[in-house]
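Student: I work at the bench and would like to get to know one part of this model properly. Please pick a single part, look at it closely, and show me how it sits within the whole.

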Amino acid sequence: MIRKDQELAATRERLARIERTVEVLRDTARPEEWRGLCSGYRLEIERMQGAILDYLVQIAPPPEGVPA
């Protein structure tokens, strides 16, 4: 669960790294191993995208130092 903008930025960076990894693997993996190889990455990408969207659509918290 993402709770603040710093975590959002870190999650986006991690997501980008995983996507780059999948791009490289897609070009280097043998066709017969691809489905099994990519399934775990796909699940993690989907999970992280969901966490990002959940954070973005929630009501914005008050700025730091301002009481809720």
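Tutor: Let's start with a term: helices (H or I, at least four residues) and strands (E, at least two) are DSSP runs, numbered from the N terminus. Valine 57 belongs to helix α2, and that helix is the part I'd like to follow with you. Please keep in mind that this is a predicted model, where local features need pLDDT of at least 70, side-chain atom pairs count only at pLDDT 80 or more, and totals for chains, interfaces and linings use all residues. Residues are numbered from 1 along each chain as its sequence is written, and side-chain values use heavy atoms, with hydrogens and water left out.

First, the setting. The protein chain has 2 helices and 0 strands, and its C-alpha trace spans about 55 × 15 × 10 Å along the principal axes. Of its 68 residues, 22% are buried (under 20% relative accessible area, with exposed over 50% and partly exposed in between; 1.4 Å probe, protein chains only). Among contacts (heavy atoms within 4.5 Å) with a separation of 6 or more, 65% are between residues 24 or more positions apart.

Now to the inside. The largest nonpolar core (buried Ala, Val, Leu, Ile, Met, Phe, Trp, Tyr and Cys joined through side-chain atoms within 4.5 Å) has 10 residues: Ile2, Leu8, Leu15, Ile18, Val22, Ile45, Met48, Ala51, Ile52 and Tyr55. At least two of these core residues come from each of α1 (5–28) and α2 (31–57), and α2 gives the most, with 5 residues. Isoleucine 2 is a good place to look: apart from neighbours within four places in sequence, it is in contact with Glu7, Leu8, Thr11, Ala51, Ile52, Tyr55 and Gln58.

The charged side chains come next. There are 6 salt bridges, counted when a side-chain nitrogen of Lys or Arg is within 4 Å of a carboxyl oxygen of Asp or Glu. Arginine 14 and glutamate 44 form one of them, with their closest N and O atoms 2.8 Å apart. This pair joins distant parts of the chain, since arginine 14 is in helix α1 and glutamate 44 in helix α2, 30 residues apart. Arginine 14 is partly exposed, at a relative accessible area of 35%.

Another pair stays within our helix. Glutamate 46 and arginine 42 meet in a salt bridge at 2.9 Å, N to O; both lie in helix α2, 4 residues apart, about one turn of the helix. Glutamate 46 is partly exposed at 38% relative accessible area, whereas arginine 42 counts as exposed at 56%. Salt bridges that share partners also join Arg14, Glu44 and Arg47 into one network.

Arginine 30 and glutamate 32 form a further salt bridge, their closest N and O atoms being 2.8 Å apart. Here arginine 30 is partly exposed at 49% relative accessibility, and glutamate 32 is exposed at 61%.

Finally, back to valine 57. This residue is exposed, with a relative accessible area of 68%. With Leu53 and Leu56, Val57 makes a nonpolar surface patch of about 310 Å². Patches take residues with over 30% relative accessible area and no salt bridge, joining like charges within 9 Å and nonpolar side chains (Val, Leu, Ile, Met, Phe, Trp, Tyr) within 5 Å.

How values were computed. Accessible areas come from the Shrake-Rupley method with a 1.4 Å probe; for residues, only the protein chains shown count as cover.
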